[in-house]
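User: I'd like to go through this model and check where its labels come from. Can you take me through the cut-offs as we go?

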Amino acid sequence: MLENFWFNVQYGINHVLDPNGYDHVLFLMVLAVPYVFKDWKRVLILVSLFTLGHTLSLVLAAYGIVTVNGKLVEFLIPVTILIVAIYNVFTAGKKEKSSKISLLFFATLFFGLIHGLGFAREFKMFAGQSENKLELLIEFALGIEIAQIIIVFVILFLGFLFQTIFRFSRRDWVMVLSAVVVGLVIPMIMGSDLLN
């Protein structure tokens with residue numbers, strides 16, 4: 001029982017940290033880069049909303065409620081990353097009304113749904129004829145959340161290093177990392193099967 005639990009959690013962790021599917025990491029980078037450690041609650045909410053969206057679309061797919069055009073989803077995933085990266089570039093250095101539930105919260109949930117749909121086919125195969133798909137989904141989602149928190153911690157820590165040791169301004173740090181991600185996702189969008 002515990003072995004199964006840990007296997008499913010590990011599967012979730014590996015899904016996020018898979019070097020071949022680094023789009024998940026890129027999304028988390030652009031999501032977390034505008035923040036510092038003292039914003040940890042807001043970042044945790046954003047990350048959890050992303051996990052929620054991701055899990056919701058897996059539930060819909062696992063129970064056959066939703067079927068998707070794989071090519072469209074594979075095109076939309078880098079587009080979501082690009083949108084957040086560009087949003088960062090245009091809002092870098094501007095004060096955010098952090099107490100308000102912003103559009104970013106809803107966008108993150110929606111983007112989580114899209115990213116989850118990108119993994120739906122593989123997850124369906126993984127779940128197979130499993131009796132307890134919901135339990136499997138929860139354990140998998142826990143693994144995703146753990147991996148995302150690790151990545152976000154690394155991004156916040158790198159931000160701390162660049163802003164304190166290398167004296168980057170917060171605005172420059174956000175701009176540079178977001179621009180790097182833009183440079184990585186544009187070829188992903190151009191190379192997607194939908195456009196070719």
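Analyst: Sure, starting with contact: the word means heavy atoms within 4.5 Å. Leaving aside neighbours within four places in sequence, T55 is in contact with L137 and A141. Bear in mind that this is a predicted model, where local features need pLDDT of at least 70, side-chain atom pairs count only at pLDDT 80 or more, and totals for chains, interfaces and linings use all residues. Residues are numbered from 1 along each chain as its sequence is written, and side-chain values use heavy atoms, with hydrogens and water left out.

User: Why is T55 called buried?

Analyst: T55 has 16% relative accessibility. Buried means under 20% relative accessible area, exposed over 50%, and partly exposed in between (1.4 Å probe, protein chains only). T55 falls under the first cut-off, so it counts as buried. Its place is in helix 3, where helices (H or I, at least four residues) and strands (E, at least two) are DSSP runs, numbered from the N terminus.

User: What makes S48 partly exposed?

Analyst: Its relative accessibility is 30%, so S48 lands in the in-between class. S48 is in helix 3 too, which covers residues 40–62.

User: And how do you know that the side chain of S48 makes a polar contact with the side chain of E145?

Analyst: The distance is 2.7 Å. A polar contact is a pair of N or O atoms within 3.5 Å; within protein, one must be able to donate a hydrogen and the other to accept it, and residues adjacent in sequence count only if both atoms are side-chain atoms. The S48–E145 pair, at 2.7 Å, is therefore within the limit.

User: What makes helix 3 roughly antiparallel to helix 6?

Analyst: Helix 3 and helix 6 pack at about 150°, with axes 10 Å apart. Axes are lines fitted to C-alpha atoms, for helices over the stretch in contact, and angles run from 0 to 180 degrees between N-to-C directions. Angles under 35 degrees count as roughly parallel, over 145 as roughly antiparallel, 65 to 115 as roughly perpendicular and the rest as oblique. About 150° is over 145, so the pair is roughly antiparallel. Among the residues that meet there are S48 and T55 in helix 3, and L137, A141 and E145 in helix 6. By class, this contact has 13 nonpolar, 5 polar and 2 charged residues. For those classes, Ala, Val, Leu, Ile, Met, Phe, Trp, Tyr, Cys and Pro count as nonpolar, Asp, Glu, Lys and Arg as charged, and the others, Gly among them, as polar.

User: Why are helix 5 and helix 6 called oblique?

Analyst: Helix 5 (residues 103–127) and helix 6 (residues 133–164) cross at roughly 125°, their axes coming within 11 Å. That angle fits none of the other three ranges, so the pair counts as oblique. The contact is made by F119, F123, F126 and A127 of helix 5 and K133, L136, L137 and F140 of helix 6. These divide into 7 nonpolar, no polar and 1 charged.

User: How do you know that N8 is buried?

Analyst: N8 has a relative accessible area of 7%, under the cut-off, so it's buried. N8 is found in helix 1 (residues 2–17). Not counting residues up to four places away in sequence, N8 touches F126, L136, E139 and F140.

User: Last one: why are helix 2 and helix 7 roughly antiparallel?

Analyst: Helix 2 (residues 23–32) and helix 7 (residues 170–190) pack at about 150°, axes 10 Å apart. The angle is over the antiparallel limit, so the label applies. D23 and L26 are among the helix 2 residues in this contact, and L177 and S178 among those of helix 7. The contact divides into 8 nonpolar, 1 polar and 1 charged.
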